[in-house]
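Here is a short tour for a newcomer. Look over the sequence and the model, then read on.

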Amino acid sequence: MLSPFVELRRQLHQIPEPGFQEFKTQQLLLDQLAKLPQDRLTIRTWRTGILVYIKGLNPSKRFGYRADMDGLPITEETGLPFPSQHPGYMHACGHDFHMSIGMGVVTHFTENPIQDDLVVLFQPAEEGPGGALPMLAAEELQDWMPDQMVALHIAPEYPVGTIAVRPEILFANTSELFIDLLGKGGHAAYPHQANDMIIAATQMVGQLQTIVSRNVNPLDSAVITIGKMEAGTKQNIIAEKARLEGTIRTLSAASMDKIKGRIEAVAAGIEASFECQVAIDWGSNYRQVYNDPALTVEFMDWLRGRDNVTLYECTEAMTGEDFGYFLEKIPGFMFWLGVDTPHGLHHAKLEPNEDAIDLAIDTITAYLRYKSS
Ligand SMILES: CC(=O)N[C@@H](CCC[C@H](N)C(=O)O)C(=O)O
């Protein structure tokens, strides 16, 4: 018999939605919340997100757990019997896990309250443009602001039962990157009368890849990835326009500034050498995920005493997470939850092991009970 939270995960898995369009996801979670005993619960919605307050027995603090809600524009290739019903979209970053675990935490504390209050936040748009920052500013959260926050992220590379975490930086600073190149289209046979943006864009991608290797201190990790390139309309037409879409990751804020400066310089060089126009849009930025050292070390010590979990002290990752904005304001931490699958995050075959769901609910609820005692 399936755990109700595995069942919920399977339902959520079938309805992945883009950021701030998580309408069916929100409704499914609201329907689930409506089935719980209501005496300790207060529920608010904010855009496509949900805020759930669970009243404690004799509260002196307020804990927070945050789960992100959005899916990714990926066509699922898992072969699972409960695949995405939304063509071209998939929960390929584990947000279906994060939400079902969040629901497990709510359910546990409505039935077994602790002394303190708990706020569970179902947050839209983590993959972009970022729901954390506007949710933190939302009127609906102001009188429910937690004193401490916890969140987790699934980790394909660790076995089920492993929790990986570290004090201080866990995830990188990020900035999206959108570059539009504008030249002059024309006939494929008359290149001298046109200004080919496929050539300019490919040159630009090559030059961008020299920034991390030549301009950033190798001891200060950084990544520039161009994940999407669009240009041209037909094989015998010279492309007037090209668009590059990517992301920048850095462990230090100084490197982020430096990389942005170098990208502007590369763009100016491309404009001069190809006689074209290059426009840069930085999209949304996420703050690094900085785990509060004292709380994280305390959590790690507490984990060492649990017999169903193996603690692994990991290194930083160049992933981004807008949970970093919560941690900038509220002390807390994020940790990796082992889900043991050969395919990585953002992969069409990502198939996390569902045994991790109940283990995570057990770990988080036990930790919050320990903190509240
Ligand atoms: C955990 C994870 O995979 N997060 C995303 C966050 C994306 C931020 C933004 N849209 C960007 O691409 O910069 C990630 O890609 O790391």
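The model is predicted. An unreviewed UniProt entry lists Cys93, His95, Glu127, His153 and His346 under "binding site". These residues are spread over 254 residues of sequence, yet they cluster in space. The largest C-alpha distance among them is 12.9 Å. Cys93, Glu127, His153 and His346 also belong to the lining of the largest pocket.

**The largest pocket**

The largest pocket holds about 1000 Å³ of space. It is lined by 34 residues. Closest to its centre are Leu72, Glu127, Glu176, Arg249 and His346. By class, the lining has 13 nonpolar residues, 13 polar residues and eight charged residues.

Two domains take part. Domain 1 (4-171 + 294-372) and domain 2 (173-285) each give at least three residues to the lining. Strands contribute as well. Strand 8 (173-182), strand 10 (222-231) and strand 12 (241-250) each supply at least two lining residues.

**Glu127**

Glu127 appears in the UniProt list and is among the residues closest to the pocket centre. Where does Glu127 sit? Its place is in the loop between strand 4 (117-123) and helix 4 (132-137). Leaving aside neighbours within four places in sequence, Glu127 is in contact with Asp70, Gly71, Leu72, Cys93, His95, Glu176, Tyr286 and His346. Of these partners, Cys93, His95 and His346 are also in the UniProt list. Leu72, Glu176 and His346 are also among the residues closest to the pocket centre.

**Thr363 and Leu303**

Thr363 belongs to helix 10 (residues 355-372). Leu303 belongs to helix 8 (residues 293-304). The two residues touch each other. Not counting residues up to four places away in sequence, Thr363 also touches Ile163, Trp302 and Val309. With neighbours within four places left aside, Leu303 is in contact with Ile163, Val309, Leu311 and Thr363. Ile163 and Val309 thus appear in both sets of contacts.

Leu303 has a distant counterpart for comparison. Leu303 and Gln277 are 26 residues apart in sequence, and 55 Å apart in space, C-alpha to C-alpha.

**Exposure**

How do Glu127, Thr363 and Leu303 rate for relative accessible area?

| Residue | Relative accessible area | State |
|---|---|---|
| Glu127 | 23% | partly exposed |
| Thr363 | 1% | buried |
| Leu303 | 1% | buried |

The cut-off for buried is under 20% relative accessible area. Thr363 has 1%, so it counts as buried. Leu303 also has 1%, so it counts as buried too. Glu127 has 23%, so it falls in the partly exposed class.

Definitions and conventions:
Residues are numbered from 1 along each chain as its sequence is written. This is a predicted model: local features need pLDDT of at least 70, side-chain atom pairs count only at pLDDT 80 or more; totals for chains, interfaces and linings use all residues. Side-chain values use heavy atoms; hydrogens and water are left out. On a 1 Å grid over the protein atoms alone, a cavity is a set of points where a 1.4 Å probe fits but cannot get out, and a pocket is an open set with protein on both sides within 12 Å along at least five of seven lines; lining residues have an atom within 4 Å of a point. Grid points are joined across faces, edges and corners, and a volume is the space filled by probe spheres set on the points. Helices (H or I, at least four residues) and strands (E, at least two) are DSSP runs, numbered from the N terminus. Ala, Val, Leu, Ile, Met, Phe, Trp, Tyr, Cys and Pro count as nonpolar, Asp, Glu, Lys and Arg as charged, and the others, Gly among them, as polar. Domain bounds come from an automatic or database domain assignment. UniProt positions are given in the numbering used here, feature names are shortened, and annotations may be inferred rather than shown by experiment. Buried means under 20% relative accessible area, exposed over 50%, partly exposed in between (1.4 Å probe, protein chains only). Contact means heavy atoms within 4.5 Å.
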